[in-house]
Amino acid sequence: MRKGSFLSKLRPITLGSAMADMALLLLVFFMASTTTEPPRGVEVVLPKGTTQGAEQDSLYMTISRSGDIYFDGNLVELEGLHDNLAMRRGEKDRPVAITADRDLDYAYISRVLGILQEQDFLNVVFMSEPRESIRPPR
Amino acid sequence: MENDNLIVKILQRRGRLKNRPEERSFDSVSIADMAFLLLIFFIVTGSFVLRQGIFFSLPSKTSGSVSLDERQITEVFPVENGFLHNGILLNREGFGRMLRERGKKAADSVLMIHMGGKIRYERLVDTLSVARESGVRRVSLKNADKGGAL
């Protein structure tokens with residue numbers, strides 16, 4: 001390269017700020033659009049239903065097919081659930097997302113709903129898989 | 001004489017350099033590193049799957065009783081193979097149609113679901129789904145075995 005030519009006057013630059021901008025933009029997008037998996041404790045098969053909307057900021061309760069109750073990912077007895085809810089009375093306006101196995105007997109759900117009602121946790125979400133829309137026959 | 005001119009030129013050049021605005025910059029590479037690190041964390045731990053469900057409000061312990069016209073109440077007993085209404089077994093479509101018709105006749109109708117203890121939870125979710133699809137806003141849940149609410 002000839003000394004004093006146009007190319008020799010160009011300075012090499014790093015695109016650090018542009019990269020930071022892009023990374024922050026993507027970061028904000030992912031933070032806003034993704035959700036973290038709630039503590040489940042056990043895997044269950046959800047029933048299908050006509051869902052109303054996404055639940056957010058809930059207390060998580062999972063009931064397995066055998067009737068084991070997991071509250072925020074921890075296995076609890078019915079009395080334990082009572083105590084756990086009593087300790088969290090301040091959060092009673094938060095919905096309780098019940099993730100129960102589709103083959104579970106209603107008797108278990110009934111007991112849990114009774115405890116929730118007793119502890120004044122009145123907002124419940126029955127978690128379910130969105131049902132595929134069925135086209136009416138022509 | 002020539003030396004004096006040279007000194008003046010040098011001083012002028014220095015002065016000119018001094019008058020230039022200061023270039024302020026910061027090292028943004030570390031910010032980019034941190035942002036990418038957090039980005040990867042969120043990509044790995046997050047999920048786009050929306051958790052959905054059926055919202056249900058339980059009655060308060062202190063809530064009083066409500067008197068309703070008999071025409072407003074629709075009672076149903078979900079069973080494994082359908083919906084039992086007035087002793088007639090209905091399928092999903094039939095039950096939905098019946099709810100819509102009753103909803104047209106009596107505004108603000110209430111669906112009373114009598115759930116047996118041995119009935120699967122899936123049936124409750126399905127019954128609530130049909131109620132929602134049919135435009136029923138008020139639902140009462142009863143345990144058929146206990147006779148009382150829930």
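In this predicted model, strand S8 of chain A and strand S2 of chain B (residues 52-57) pair in the antiparallel sense, with five bridges between them. One position to look for along this pairing is Met127(A), whose bridge partner in S2(B) is Gly53(B).

The strand pairing takes its place in a wider meeting of the two chains, in which 47 residues of chain A are in contact with 42 residues of chain B. On the side of chain A that touches chain B, at least two residues each come from helix H2 (16-33), strand S1 (35-36), strand S3 (53-54), strand S7 (96-100), helix H4 (106-118) and strand S8 (123-127). H2(A) supplies the largest share of this side, eleven residues. Sorted by class, the side of chain A that touches chain B holds 24 nonpolar, 16 polar and seven charged residues.

Turning to chain B, five strands form an open sheet of mixed pairing, and their order is S5-S4-S3-S6-S7. Strand S5 (88-90) and strand S7 (138-143) of chain B are the edge strands, each pairing on one side only. On average, and with direction ignored, neighbouring strands of this sheet are turned by 30° against each other. Strands S4 (residues 82-85) and S5 of chain B run antiparallel and are joined by three bridges; here His85(B) stands opposite Ile88(B) of S5(B).

A helix accompanies this sheet as well. Helix H4 of chain B (residues 121-133) lies across S3 (73-79), S4, S6 (110-115) and S7 of chain B, and H4(B) runs at about 145° to S3(B).

Definitions and conventions
Residues are numbered from 1 along each chain as its sequence is written. Chains are lettered from A and ligands numbered from 1 in the order in which they are written. This is a predicted model: local features need pLDDT of at least 70, side-chain atom pairs count only at pLDDT 80 or more; totals for chains, interfaces and linings use all residues. Two residues are in contact if their C-beta atoms, placed from the backbone, lie within 7 Å. Helices (H or I, at least four residues) and strands (E, at least two) are DSSP runs, numbered from the N terminus. Ala, Val, Leu, Ile, Met, Phe, Trp, Tyr, Cys and Pro count as nonpolar, Asp, Glu, Lys and Arg as charged, and the others, Gly among them, as polar. Two strands pair if DSSP finds at least two bridges between them. Axes are lines fitted to C-alpha atoms, for helices over the stretch in contact, and angles run from 0 to 180 degrees between N-to-C directions.
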